[in-house]
Amino acid sequence: MLLSKGHVISSDGQLDRLVRVGLYADAEALARTRAEGPAEPIKPPSVTATLAVARKKLDYLVGNVEQVIRQGVFLRGIEEITQHIDAACSHDQNVAMAMVLLRQEGRYATRHMINVATVVRLVARAMNMPKEREGSVVAAALTMNLAMADYQDELKQQAEPLTPTQRARLDRHPLEARELLLRAGVTDPVWLTAVEQHHEHFDGSGYPGRSRCIVEAQLLCLADVFCARIVPCAYRPAVASNVALRGILLERGKAFDPTVAAVFIKTLGIYPPGMLVRLVSGEVGVVLQQGSNAQQPAVATFISPQGTPTSLILRRDTSQDAYAIAAAIDPKSFSAYVNMEAIWGATAAAHGPEAHSRAKHAVRVAAALSANAAMEQGRPGLAA
């Protein structure tokens with residue numbers, strides 16, 4: 001259809017062909033097209049921005065739980081956050097998982113619950129869990145530590161062993177969270193039971209009731225343990241995600257249901273997206289996505305063998321001997337910031353096309369909730 005710039009038509013045949021396929025454009029249509037200008041490119045939704053907004057909203061709900069329960073807006077707030085998580089995981093599950101591993105800023109207690117909810121959503125979908133029950137266990141992840149968010153932030157900074165009083169308070173938090181949910185109007189038995197049982201173990205050795213638990217609670221327990229282990233705290237360092245998964249593998253049949261644990265590990269992968277690795281070539285990179293072989297994911301490198309940042313993000317096929325994974329990066333020894341947008345593109349942009357307005361709304365959510373409480377039935381939700 002096109003000729004290169006400067007091409008000279010060398011024959012009558014070429015000229016005839018150009019005339020036949022359309023050498024000329026209608027003058028009016030051409031003028032109209034030029035006046036309209038180029039179409040604005042459609043930007044994909046940002047998974048990282050969506051999950052960041054979810055964190056902000058949960059920060060407010062948890063920090064003002066008594067107020068929002070009295071106002072009758074708690075359930076709607078949790079439902080909207082659940083929708084954010086579902087949207088993020090549906091659009092790009094690799095970026096959603098990478099967000100869990102690579103973005104650990106902000107308040108720990110609420111960030112942890114968002115991370116757990118993200119992992120739960122990914123694994124529940126892989127388990128072919130019915131949609132309604134999937135939503136219930138994601139909501140349970142968002143509210144499992146509702147009664148101890150401040151206390152959880154405090155304990156994370158404590159290097160000494162728990163005192164008997166602290167241990168007793170910790171043991172009570174699943175039951176206290178259930179009571180708060182009942183006051184908020186939650187009637188979903190799966191949601192309530194998963195929260196109550198999320199520290200129970202497969203062999204009946206957990207707490208608070210030392211009882212066997214439902215599948216949804218098992219999944220919640222697994223995600224809770226995984227997300228806790230990959231983050232450092234005062235009394236222990238963080239571990240690489242593959243080390244955390246190996247620990248889950250070793251605890252199958254004891255703390256964790258072997259069937260649920262197997263699906264959990266398969267879904268996240270031996271090398272989950274967002275995990276930092278060193279290649280045989282000496283390069284350092286981040287796992288982009290799982291490959292056809294669990295041991296050979298796709299990796300994007302951003303640090304050269306000499307230890308300097310590279311000007312280009314290079315995609316490496318780890319099935320090739322030259323770029324095979326040599327080791328996982330120990331989180332204790334690596335603190336470089338990973339630019340997710342440079343690696344995954346617009347879907348990992350810090351600010352998506354709707355993120356600015358959503359972020360502003362999240363900052364103003366306290367005022368919005370107070371106004372909503374005064375309105376009659378049919379009032380708009382948190383994400384108006």
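# Exercises on a predicted model

Buried residues account for 46% of the 384 residues in the protein, and the model from which every value below is computed is a predicted one.

## Exercise 1. Overall make-up

Task: State how many helices and strands the protein has, what share of the contacts between residues at least 6 apart in sequence join residues at least 24 apart, and what part of the exposed area carbon and sulfur atoms supply.

Solution. Begin with the secondary structure, which comes to 17 helices and five strands. Next take the contacts in the protein between residues at least 6 apart in sequence, of which 64% join residues at least 24 apart. Finally turn to the surface: the protein exposes about 19,500 Å², and 54% of this area is supplied by carbon and sulfur atoms.

## Exercise 2. The sheet and its edges

Task: Give the order of the strands in the open sheet, and explain why strand 4 and strand 5 are each left with one side without a neighbour.

Solution. The open sheet has five strands in the order 4-3-2-1-5, and their pairing is antiparallel. Strand 4 (309–317) and strand 5 (325–328) stand at the edges, where each has a single partner strand, so one side of each is left without a neighbour in the sheet. As a further step, consider the twist: with direction ignored, neighbouring strands of this sheet are turned by 35° against each other on average.

## Exercise 3. Pairing around strand 3

Task: For strand 3, find how many bridges join it to strand 2 and over how many it pairs with strand 4, then name the residue that stands opposite Ala300.

Solution. On one pairing, strand 2 (residues 284–289) and strand 3 (residues 298–303) run antiparallel and are joined by five bridges; within strand 3, Thr301 is the bridge partner of Gly285. On the other pairing, strand 3 and strand 4 are again antiparallel, over five bridges, and the residue opposite Ala300 is Arg315 in strand 4. Strand 3 and strand 4 also form a hairpin with five residues between them, and in its turn Gly307 has a positive phi of about 90°.

## Exercise 4. Three salt bridges

Task: Work through the salt bridges of Glu80, Glu66 and Glu134, asking in each case which residue is the partner and, where it can be stated, whether the two residues are buried or partly exposed.

Solution. The count of salt bridges comes to 16, and three of them are examined here.

- Step one: Glu80 forms a salt bridge with Lys57, with the closest N and O atoms 3.9 Å apart, a separation that falls within the 4 Å cut-off. Glu80 lies in helix 5 (residues 74–91) and Lys57 in helix 3 (residues 47–63), so the pair ties together parts that are 23 residues apart in sequence. Glu80 counts as buried at 10% relative accessibility, and Lys57 is buried with a relative accessible area of 3%.
- Step two: Glu66 forms a salt bridge with Arg183, and here the closest N and O atoms are 2.5 Å apart. The pair links distant parts of the chain, since Glu66 belongs to helix 4 (residues 65–71) and Arg183 to helix 10 (residues 164–184), 117 residues apart. Glu66 is partly exposed at 35% relative accessible area, and Arg183 is partly exposed at 49%.
- Step three: Glu134 forms a salt bridge with Arg125, the closest N and O atoms being 2.8 Å apart. Glu134 is buried, with a relative accessible area of 3%, whereas Arg125 is partly exposed, with 33%. Salt bridges that share partners join these two residues with Asp86, Arg121 and Lys131 into one network.

## Exercise 5. Ser241 and Arg172

Task: Decide whether Ser241 is buried or exposed, list its contacts beyond its neighbours within four places in sequence, and then place Arg172 relative to Met148.

Solution. Ser241 is found in helix 13 (residues 241–250), and because its relative accessibility is 5%, Ser241 counts as buried, the cut-off being under 20%. With its neighbours within four places in sequence left aside, Ser241 is in contact with Leu101, Phe226, Ile230, Pro272 and Met275. Arg172, for its part, lies in helix 10 and is partly exposed, with a relative accessible area of 41%. From C-alpha to C-alpha, Arg172 and Met148 are 9.5 Å apart in space, while in sequence they are 24 residues apart.

## Exercise 6. Cysteines

Task: Report how many disulfides a search of the whole structure finds, and state whether Cys89 is buried or exposed.

Solution. The search of the whole structure finds zero disulfides. Cys89 is buried, with a relative accessible area of 4%, and Cys233 likewise counts as buried, at 15% relative accessibility.

Technical notes: Residues are numbered from 1 along each chain as its sequence is written. This is a predicted model: local features need pLDDT of at least 70, side-chain atom pairs count only at pLDDT 80 or more; totals for chains, interfaces and linings use all residues. Side-chain values use heavy atoms; hydrogens and water are left out. A salt bridge is a side-chain nitrogen of Lys or Arg within 4 Å of a carboxyl oxygen of Asp or Glu. Helices (H or I, at least four residues) and strands (E, at least two) are DSSP runs, numbered from the N terminus. Buried means under 20% relative accessible area, exposed over 50%, partly exposed in between (1.4 Å probe, protein chains only). Contact means heavy atoms within 4.5 Å. Accessible areas come from the Shrake-Rupley method with a 1.4 Å probe; for residues, only the protein chains shown count as cover. A disulfide is a pair of cysteine sulfur atoms within 2.5 Å. Two strands pair if DSSP finds at least two bridges between them. Axes are lines fitted to C-alpha atoms, for helices over the stretch in contact, and angles run from 0 to 180 degrees between N-to-C directions.
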